[in-house]
Amino acid sequence: MQCVRLFSWCLVVFVAASVMVGIAHARDVTVGIGFSLPPYVIKEEHAGLEVDIIRESFAAVGMNTQFMYLPKLRLPVAFADSMVDCVATNATYDMSYESGLESFDSDVTLVYQNYAVAMKRSGFNLQSINDLKDKVVLSFNNAVKYLGSEYAAMATENLQYKELADQSLQVRMLYSGRVQVVVSDKRIFLYWRKKLLSGSASEDIDIKQDVQFFSIFPPSPRNLSFKDRELCDAFNRGLRSLHKNGAYDVIVQRYAGIESE
């Protein structure tokens, strides 16, 4: 009987020690992600819809996450230089080609949805990308890389086409009449409009004017590109568990308030 008790005690100690060792050696993962893209990436708060999904997916498989916020053009460089373990990017982005290293893509983390946004008073009826070629268009930085060949051709042909990194200025310029069309993800546009409504800009510009969102772009799924296939598989397991247990929907709801239109 004493031997049984001794064995049980040793087993408890062994299990406890194993758990402590596992905690002590929990892997830290460094994720390269865009410098700042509210509400998906809010650097100052180390939060955002995309950031939270990635962090909690890794946490679900016992991994700690650190984020390295970088301009988009620096992401493949950081990947190639082993500064990060993985990079968050558009699912159509070829990280293997851009970095010169083999990469493994995760499951889709979330989906951006870009729209052509115009003032309702303009009377525009935008049915296709081709309808933008004679408009004063302001898009996000490097949109020609992400929105396909038809869009790139339109941008080349349209001498009134410009891109801008600061998407808060997109909203301001549309409402002030300096551009006719803005190309933006809907969540991003509404986030910055809400910010402008609560700030001093609303005193100079009527930001309560009606706008229209024209759905002329396909969805833009996002994922992570990894160097390590096993780490990619682990992330996918964590992401799937978030979907299965409802935690994913809880994350989305944290940012749902900005989507009302």
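In this predicted model, strands β7 (residues 137–140) and β8 (residues 161–164) pair up in the parallel sense, with four bridges between them. One of these pairings sets V137 against Y161 in β8. Strand β7 also has a link to β9 (residues 181–185), again parallel, this time through two bridges. Here L138 sits opposite V182 of β9. As a general point, side chains in a regular strand alternate between the two faces of the sheet.

Next comes helix α8, which covers residues 186–197. At its start, a side-chain oxygen of D185 comes to within 2.9 Å of the backbone nitrogen of R187. The length of α8 checks out: with 12 residues at 1.5 Å a residue, the helix should span 16 Å, and its end C-alpha atoms are indeed 16 Å apart. Quite a list of α8 residues is buried, namely R187, I188, F189, L190, Y191, R193 and L196.

As for the nonpolar packing, the largest core takes in 35 residues, and V31, I33, L49, I54, F58, L224 and F226 have the most contacts inside it. At least two residues each come from β1 (28–34), α2 (49–59), β2 (64–70), β3 (86–90), β5 (110–112), β11 (220–226), α10 (229–245) and α11 (247–254). The top contributor is α10, which gives six residues. A second core lies apart from this one; its 28 residues include Y93, F124, L147 and I216.

Back in the largest core, L49 makes a good example of who touches whom. Beyond its neighbours within four places in sequence, L49 is in contact with P39, Y40, L110, R187, I251, V252 and Y255. R187 is thus a contact of L49 as well as one of the buried residues of α8.

Over in strand β1 there is T30. Its relative accessibility is 18%, so T30 counts as buried, the cut-off being under 20%. Setting aside neighbours within four places in sequence, T30 is in contact with Q66, M68, M83, V84, D85 and C86.

That last contact leads to the cysteines. The structure has zero disulfides, and C86 is accordingly in none; the nearest cysteine sulfur, in C232, is 8.8 Å away. Seen from C232, the closest cysteine sulfur is that of C86, and 8.8 Å is too far for a bond because a disulfide needs the two sulfur atoms within 2.5 Å. Both cysteines are tucked away: C86 counts as buried at 0% relative accessibility, and C232 counts as buried at 3%.

How values were computed:
Residues numbered from 1 in each chain as written. Predicted model: local features only at pLDDT ≥ 70, side-chain atom pairs only at ≥ 80, totals over all residues. Heavy atoms only, no water. Expected span 1.5 Å × (residues − 1). Buried < 20%, exposed > 50% of the residue type's maximum accessible area, 1.4 Å probe, protein only. Polar contact = N/O pair within 3.5 Å; in protein donor to acceptor, adjacent residues only side chain to side chain. Core = buried A, V, L, I, M, F, W, Y, C linked by side-chain atoms within 4.5 Å. Contact = heavy atoms within 4.5 Å. Pairing = 2+ DSSP bridges.
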